[in-house]
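Student: I am new to this structure and would like a close look at a single part of it, the sheet and what packs around it. Could you take me through that slowly, in one connected answer?

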Amino acid sequence: MTRVTLQLNGAARALETDPATPLLYVLRDELGLNGAKFGCGLGQCGACTVMIDGSAAYACLVPVGLVGSRAVKTVEGLGSADKPGVLQQAFIDEQAAQCGYCIAGMLMRAQALLDRHAAPSDEEIRRGMAPNLCRCGTHLRILRAVRRAADAMRHA
Ligand code: FES
Ligand code: FES
């Protein structure tokens, strides 16, 4: 066991853990942040996506001991059920979720995209979101939600 301090959603969170533990397990099992989901555990589905230093990352593949001082952001850092963030509200408005399992990962990949491209083209949104899969097939609604959020952020 090693003491690890994560910079998580803007606050330092310290814990004792095996540094080889995937970040996803630490978030869910040790820190109670259940937004990011376990889908494949192989970097192939995106259900576990979080942001690390502003980039989308598969939390199932990142050993917590390698995160270091980099800033980790999870879906819990975007807003709450009572006060959804702009991107979350756009997903609600477009009814982008069916079962919802992929949505936290979709949100984090979309946030990383919009942080880098304030005005992405539809093709850039499509390409940017491609690594994340939705088994319910709501991709078109998800793409519309990202477009809606981009427009809302620009006009805020
Ligand atoms: S659970 Fe991490 S990519 Fe599928
Ligand atoms: S909404 Fe069910 S997997 Fe995407």
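Tutor: In this predicted model, strand β1 (residues 2-8) pairs with strand β2 (residues 11-17) in the antiparallel sense, and seven bridges join the two. At the turn end of that pairing, L8 has A11 in β2 as its bridge partner, and two residues lie between the strands, which together form a hairpin. One residue of the turn deserves a look of its own: N9 has a positive phi of about 50 degrees.

A second antiparallel pair is made by strand β3 (residues 49-52) and β4, here over four bridges. In this pair, I52 is the residue that stands opposite S55 of β4.

Both pairs belong to an open sheet of five strands, whose order is β2-β1-β5-β3-β4 and whose pairing is mixed. The edges are occupied by β2 and β4 (55-58), and because each has a single partner strand, one side of each is left without a neighbour in the sheet. Going from one strand to the next, the twist averages 40 degrees.

Helices then pack against these strands. Helix α1 (residues 23-30) packs on the sheet, where it touches β1, β2, β3 and β5 (71-73), and its direction makes about 95 degrees with that of β2. Helix α3, for its part, lies across β3, β4 and β5, and runs at about 35 degrees to β3.

From α3 we can move on to the helices that it meets. To describe two packed helices, one gives the angle between their axes and the distance between the axes. For helix α2 (residues 86-93) and α3, the axes come within 10 Å and cross at roughly 125 degrees; these two helices are therefore oblique to each other, and their crossing is right-handed. On the α2 side the contact is made by L87, Q88 and F91, while α3 contributes I103, M106, L107, A110, Q111 and L114. Sorted by class, this contact of α2 with α3 has seven nonpolar residues and two polar ones, with no charged residues.

The other helix to consider beside α3 (residues 103-116) is α4 (residues 122-129): their axes come within 10 Å and cross at roughly 130 degrees. That angle makes α3 oblique to α4, and the crossing in which α3 passes α4 is right-handed. Here M106, R109, A110 and L113 of α3 meet E124, I125, G128 and M129 of α4. The residues of this contact divide into five nonpolar, one polar and two charged. Notice that M106 and A110 of α3 appear in the contact with α2 and also in the contact with α4.

Finally, it helps to place these parts in the whole chain, which has five helices and five strands. Along the sequence they follow the pattern β-β-α-β-β-β-α-α-α-α. The radius of gyration is 15 Å, close to the 15 Å that the globule rule gives for 156 residues, so the protein is as compact as a globular protein of that length. Its C-alpha trace spans about 45 × 30 × 30 Å along the principal axes.

Technical notes. Residues numbered from 1 in each chain as written. Chains lettered and ligands numbered in written order. Predicted model: local features only at pLDDT ≥ 70, side-chain atom pairs only at ≥ 80, totals over all residues. Heavy atoms only, no water. Axes fitted to C-alpha atoms, helices over the stretch in contact; angles between N-to-C directions. Parallel < 35°, antiparallel > 145°, perpendicular 65-115°, else oblique. Left-handed = near helix turned anticlockwise from the far one by under 90°. Contact = heavy atoms within 4.5 Å. Nonpolar A, V, L, I, M, F, W, Y, C, P; charged D, E, K, R; others polar. Pairing = 2+ DSSP bridges. Rg over C-alpha atoms; globule rule 2.2 N^0.38 Å.
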